[in-house]
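Please open the model in a viewer and follow the stops below in order. Each stop proposes a selection and then describes what is found there.

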Amino acid sequence: MALWRIRATVDDRPGYLSVLTASLALRGVNILTVQVHTTELGAVDDFLVDAPDRLTEADLRAAVERGRGRDCWVARSEARGLADQPTRVLGLAGRLVRDPDAAGETLRVLLGADAVTWRPTAAAPPGGVDDTTMLLADPAGGSYELRRREPTFTPAEYARAQALVELAATVARRDADRVTLVLPDTAEVPVRPATADDLPGVLELHAGCSDRSRRRRYLSGAQPAPARLRRLLEPARGLTLVAAAGGAEAPVVAMANLLGEGDEAEAALLVRDDWQRRGLGSALLRRLLGHADRAGYAAVLLHVQAENTPMLRAVRLLDRPTTVERDGAVVTVTVPLAPRPAVPPRQAGAVARSRRSS
């Protein structure tokens with residue numbers, strides 16, 4: 001027996017798939033796995049089969065055509081093809097989590113592409129697929145071009161590929177926000193994106209802050225309920241950073257929130273009292289604005305109590321243009337963000353070479 005991959009288009013009508021499978025069964029072909037790709041021209045069925053050694057490619061193609069299949073593609077397969085598609089995709093996703101720069105190679109393996117090229121220019125129109133070429137928008141900027149002589153690409157494969165590209169961009173963004181800050185007093189503070197698992201540490205942070213610090217953060221003395229804090233740790237849009245330092249237990253000593261809404265985002269900080277006035281708040285605020293720049297927000301807003309001079313000083317130290325509006329005891333500071341600059345041609349060429357896979 002030998003392993004083969006067969007791909008064919010079948011009219012999406014009741015009973016047509018069973019006619020095809022019956023035609024293969026008459027030749028002693030055992031279907032091991034099947035995937036169905038819905039297209040405008042019909043259902044594209046992708047089979048992994050075990051066929052008798054005597055059968056040739058022409059024999060399998062003839063069996064498919066007798067079973068009312070068309071646009072048939074047949075190729076020998078290997079034992080690794082026995083892994084089901086969800087398992088393969090999860091494995092490739094795990095590889096991207098470990099190495100987001102391997103997006104090009106991961107796409108090539110996922111789709112069996114002949115060539116994958118990253119370009120610094122955006123895909124226009126933003127992505128798409130035809131028989132032999134696939135264009136994918138890179139959320140981090142630029143685009144991927146995939147080429148495969150056969151079989152032809154399907155919309156389902158495009159959706160899978162775009163999901164992997166978006167995963168790689170998400171992991172890369174998280175890595176960019178994972179740093180160790182060195183404060184002016186030489187203290188080293190690891191900073192990373194928050195997760196739901198940080199809730200106990202964040203609750204301890206709030207308990208260790210004075211009423212004044214909590215009031216400055218939330219414009220009231222009330223401590224948020226755990227359910228609200230959990231939502232703040234993993235916002236639907238934006239980013240939350242936590243800073244942990246001070247021994248093996250690494251307690252959380254600061255939390256920085258960037259919450260997106262529309263084309264603007266709101267920033268806020270909470271720093272434990274014994275870590276205030278050491279430059280930690282200013283450093284976290286710069287990290288939030290850097291993320292907002294990369295995410296493409298038009299502006300970042302901060303709602304600050306007028307008497308909160310440390311926070312207002314941290315804003316001034318950003319050395320960015322700002323607008324200030326006062327409403328009673330609350331000041332709203334707006335920090336406009338510049339559009340993302342175009343990649344210089346020389347740099348773009350270097351990036352393309354470094355990220356190209358084939």
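Are H9 and H10 parallel or oblique to each other? The model is predicted, and the tour begins with this pair of helices.

**Stop 1: H9 and H10**

Select helix H9, residues 280–295, together with helix H10, residues 309–317. Their axes lie 9 Å apart and form an angle of about 50°. Angles from 35 up to 65 degrees fall outside the parallel and perpendicular classes, and H9 and H10 are therefore oblique to each other. The crossing of H9 with H10 is right-handed. To see the interface, display Ser-282, Leu-285 and Arg-286 on H9, which meet Ala-314, Val-315 and Leu-317 on H10. Sorted by class, this contact has 4 nonpolar residues, 1 polar residue and 1 charged residue.

**Stop 2: Leu-258**

Next, select Leu-258 in strand S12, which covers residues 252–261. Its relative accessibility is 0%, so Leu-258 counts as buried. Beyond the neighbours within four places in sequence, Leu-258 is in contact with Leu-288, His-291 and Ala-292, among others. The contacts of Leu-258 also include Pro-235, Arg-237, Gly-238 and Leu-239, as well as Ala-265, Glu-266 and Ala-267. Val-300 is another of the residues in contact with Leu-258. For a distance label, join the C-alpha atoms of Leu-258 and Leu-301: the two residues are 43 apart in sequence and 9.4 Å apart in space.

**Stop 3: H5 with H3 and H4**

Two packed helices are described by the angle between their axes and the distance between the axes. With both quantities in mind, select helix H3 (residues 85–98) and helix H5 (residues 155–176). The axes of H3 and H5 are 9 Å apart, at an angle of about 25°; H3 and H5 are therefore roughly parallel to each other. Their crossing is right-handed. On the H3 side, the residues to display are Gln-85, Ala-93, Leu-96 and Val-97, which meet Arg-160, Leu-164, Leu-167, Ala-168 and Val-171 in H5. The contact of H3 with H5 has 7 nonpolar, 1 polar and 1 charged residues.

Keep H5 selected and add helix H4, residues 103–111. How is H4 oriented relative to H5, roughly parallel or roughly antiparallel? The angle between H4 and H5 is about 155°, with their axes 10 Å apart. That makes H4 roughly antiparallel to H5. The crossing of H4 and H5 is right-handed. Ala-103, Thr-106, Leu-107, Leu-110 and Leu-111 in H4 meet a set of H5 residues that includes Glu-157, Ala-161 and Val-165. Arg-160, Leu-164 and Ala-168 of H5 also take part in the contact with H4, and these H5 residues likewise meet H3. By class, the residues of the contact of H4 with H5 divide into 8 nonpolar, 1 polar and 2 charged.

**Stop 4: Arg-7 and Pro-151**

Stay with Glu-157 and select Arg-7, which is found in strand S1, residues 2–10. The side chains of Arg-7 and Glu-157 make a polar contact of 3.2 Å. Is Arg-7 buried or exposed? Arg-7 has a relative accessible area of 4% and is therefore buried. Residues touching Arg-7 include His-37, Val-44, Asp-45 and Asp-46, along with Asp-71, Cys-72 and Trp-73. Arg-148, Pro-151, Thr-152 and Thr-154 also touch Arg-7.

Of these, centre the view on Pro-151, in the loop between strand S8 (143–147) and H5. The peptide bond from Glu-150 to Pro-151 is cis, with omega near -10°.

**Stop 5: Loop residues**

Most residues other than glycine have a negative phi, and most peptide bonds are trans. Select Arg-68 in the loop between helix H2 (57–66) and strand S4 (70–76). Arg-68 is not a glycine, yet its phi is positive, at about 70°. Its relative accessible area is 47%, so Arg-68 is partly exposed.

Move to Thr-186, in the loop between strand S9 (179–182) and strand S10 (188–193). Thr-186 also has a positive phi, about 75°, although it is not a glycine. At 63% relative accessibility, Thr-186 counts as exposed.

Finally, select Asp-198, in the loop between S10 and helix H6 (199–208). With 8% relative accessibility, Asp-198 counts as buried. Aside from neighbours within four places in sequence, Asp-198 is in contact with Arg-192, Pro-193, Leu-233 and Val-242.

Conventions
Residues are numbered from 1 along each chain as its sequence is written. This is a predicted model: local features need pLDDT of at least 70, side-chain atom pairs count only at pLDDT 80 or more; totals for chains, interfaces and linings use all residues. Side-chain values use heavy atoms; hydrogens and water are left out. Helices (H or I, at least four residues) and strands (E, at least two) are DSSP runs, numbered from the N terminus. Buried means under 20% relative accessible area, exposed over 50%, partly exposed in between (1.4 Å probe, protein chains only). A polar contact is a pair of N or O atoms within 3.5 Å; within protein, one must be able to donate a hydrogen and the other to accept it, and residues adjacent in sequence count only if both atoms are side-chain atoms. Contact means heavy atoms within 4.5 Å. Axes are lines fitted to C-alpha atoms, for helices over the stretch in contact, and angles run from 0 to 180 degrees between N-to-C directions. Angles under 35 degrees count as roughly parallel, over 145 as roughly antiparallel, 65 to 115 as roughly perpendicular and the rest as oblique. A crossing is left-handed if the near helix is turned anticlockwise from the far one by less than a right angle, and right-handed if clockwise. Ala, Val, Leu, Ile, Met, Phe, Trp, Tyr, Cys and Pro count as nonpolar, Asp, Glu, Lys and Arg as charged, and the others, Gly among them, as polar.
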